[in-house]
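Open your viewer, load the model and keep the selection box at hand. We will walk from the cysteines to a sheet and finish inside the cavities.

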Amino acid sequence: MNAIENAFATDTRYDALVRQGLIAASDLDMAQRQARAQPRDIEDILARDYGVALAAIGAALAQFFQVPYEPFRPGRVKPALLLKHLPVQYVEEHQWLPLDEDKHGLQVLARDPDRVRASRIIGHVFPKSQLVYRVTTLDEFQRTMDQFFGTRARSDGSSLRELLSGLTLEGDAEPAEALSEAVENELVRLVNKVIMDAYRDGVSDIHIEPMPGNGRTVIRFRKDGALMPYIDIPAAYRNALVARVKIMCDLDTSERRKPQDGKIKFKKYGPLDIELRVATIPSSGGVEDIVMRILSTGEPVPLDQLGVLPHNLIRLRAAIEKPHGLFFVCGPTGSGKTTTLHSVLRHLNTPATKIWTAEDPVEITQSGLRQVQVNRKAGLDFATVMRAFLRADPDVIMVGEMRDKETMSIGIEASLTGHLVLATLHTNSAPESIVRLLDMGMDPFNFSDALLGILAQRLARRLCPACKLAYQPDDAELAQLLDDYCVDLADPAAARAPVLADWRARHGGRDGRPTLFRAHGCAECNQGYRGRLGLHELMLGTDRVKQLLQEHARVTTLLAAALEDGMRTLKMDGIEKVLMGLTDMRSVRQVCIK
């Protein structure tokens, strides 16, 4: 076995069986192949076909997960109080159970403790408990379930494969309206599992895409900005699947010709307290597409953990700590604008400050904020809410979006009368935002007086820290980096030498050449990428910028002035993070290079 194979082999949960001589490495590999080819769990194959004892499998799991092994105990007392909010369907799907709670904490039995711990679901179900994990085998987990609930668990822990096999028993040709109660129950379970899997895996959007005619319905997940296939469903269950999602968000199931939008409060259907924004769109072939966005909930990210470089962080804090004025965060949909604004609000949120927010929807909640959900159908739009805020003695006002002249005018009025106003804009860059606002009819003198700054933002894919590969860029690649970095400067040719010297001083090795990284790919990431990081462009309302604003200057003139005042473009910020080893140039170009 070569070094690469050996490194891979030591990353499986059953390695201890090979090291202890209980099974040959070749037999373990064969068992894994059988498990992939057959609808059987690998532990069942190891126990039945290769004679490995369950206790030995449990010990191997304990060694892999670094938690104690918990065997099945026939005389165990059912913890009724702990189980009262956990339906058997949920336990089957997610493979964890509370066993007991004592002075050491809540004992949690799990098939995969790492996955359960990473999902943070238990923290929602038992928010005040200290968690102590135990691992067990599939067979013993199912026997424990049977002991607690009086029902025998499914043969593979309610996997997608079995859920789908339950669907296909009815035959692909049967119309959806005639589905049996058993198959409808399977569809309910399947939709719940799709949502829970998406949340657990850090997915932002779920795309349900039916194909016309006899084509299957494809479900894809968007993770870290990229779509990836999840599963596909037989054509016969297309209408029932769409109807189930519509029922969950109280939409009209009979309306198939018009787009609809709604919201799912998933707490009604499972123990996870999350919300999903749902949009249905009629597409060609008489089918309906559905896109569900998982709304990010929880505490705001601290300002110094947003990934803003120190140079920008100092300037950002100075701007938002002013007592009054306008500060914008701009970028396309899904670029993290709301997350950044809530981080700013967390920084400003003190007992001495009254903060009002108008949002659609309210995604992140903070103690101390007074948050208002915009409801356009009821006549409660952003402009109406802002007028109300001005009568409610605010110190800080945050507006989820400024998209019209009326809302913008109220924001300028509020900022000029002693309030700090924060808002988002759907624009590409900081200088372009100023021109866009002036085009909306804003008075340039009032606007220039109010402007504190504009932060443009993008999200680039982050390289997986576990598998990224270091390399030394050649002269051509280094020259291309310099070209990309200096292109917007007043004299790109003259700037190259000092910029390169600065890079060599801060990022260079012994030979002065910086080290870059490229994506590789491992079991823990998505083709070499895991998570995303922000790229930032902060333009402050300096005297020079305000003067140009009053003169209706062009974007290029504003950009040149902002660069002289210390701004770094999105592209420059991205290249800095490439040199820091956080991302690669391919990801930067995808989001911020024209």
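**Stop one: the cysteines.** Start by selecting Cys 467, which is buried, with a relative accessible area of 9%. Bear in mind as you look around that this is a predicted model. Next pick Cys 592, which is also buried, at a relative accessible area of 16%; both values fall under the 20% that marks a residue as buried. How far is the sulfur of Cys 592 from the closest cysteine sulfur? Draw a distance to Cys 330, where that closest sulfur sits: the gap is 13 Å, too far for a bond. A disulfide is a covalent bond between the sulfur atoms of two cysteines. The cut-off for calling one here is a pair of sulfur atoms within 2.5 Å, and a search of the whole structure turns up 0 disulfides.

**Stop two: an open sheet.** Switch to cartoon view and find the 7 strands that run in the order E12-E11-E13-E14-E10-E15-E18. Together they make an open sheet with mixed pairing. Colour its edges next: these are strand E12 (369–373) and strand E18 (529–540), each of which pairs on one side only. If you look along the sheet, neighbouring strands are turned against each other by 20° on average, ignoring direction.

Strands of a sheet pair through backbone hydrogen bonds, either parallel or antiparallel. Which sense do E11 and E12 use? Select strand E11 (residues 355–359): its pairing with E12 is parallel and covers 5 bridges. With strand E13 (residues 396–399), E11 also pairs in the parallel sense, this time over 4 bridges.

Now zoom in on Ile 355. Its bridge partner in E12 is Leu 369, while in E13 its partner is Val 396. One step along E11, show Trp 356 and you will find it opposite Arg 370 of E12.

Turn on the side chains of E11. Which residues point which way? Ile 355, Thr 357 and Glu 359 go one way, and Trp 356 and Ala 358 go the other. The strand is mostly covered, with 5 of its 5 residues buried.

**Stop three: the largest cavity.** Rolling a probe the size of a water molecule over the atoms shows where empty space is left. In this model there are 2 cavities of 30 Å³ or more. For the largest one, select His 94, Trp 96, Arg 115, Val 116, Ser 119, Ile 121 and Arg 200, which form its lining. The space inside is about 60 Å³. Which element gives the largest share of that lining? Highlight helix H8 (residues 113–119), which contributes 3 residues. Colouring by residue class gives a mixed picture: 3 nonpolar, 2 polar and 2 charged.

**Stop four: the second largest cavity.** Clear the selection and choose Val 191, Val 194, Ile 195, Ile 208, Ile 219, Leu 241, Val 245 and Met 292, the lining of the second largest cavity. Two or more of these residues come from each of helix H12 (181–200) and helix H13 (238–248). H12 supplies the largest share, 3 residues. The enclosed space is about 30 Å³. Keep the class colours on here: the lining holds 8 nonpolar residues, no polar and no charged. That makes a handy last view to set beside the largest cavity, with its 2 polar and 2 charged lining residues.

Definitions and conventions
Residues numbered from 1 in each chain as written. Predicted model: local features only at pLDDT ≥ 70, side-chain atom pairs only at ≥ 80, totals over all residues. Heavy atoms only, no water. 1 Å grid on protein atoms, 1.4 Å probe; cavity = no way out; pocket = protein on both sides within 12 Å on 5 of 7 lines; lining within 4 Å. Points joined across faces, edges and corners; volume = space filled by probe spheres on them. Nonpolar A, V, L, I, M, F, W, Y, C, P; charged D, E, K, R; others polar. Buried < 20%, exposed > 50% of the residue type's maximum accessible area, 1.4 Å probe, protein only. Pairing = 2+ DSSP bridges. Axes fitted to C-alpha atoms, helices over the stretch in contact; angles between N-to-C directions.
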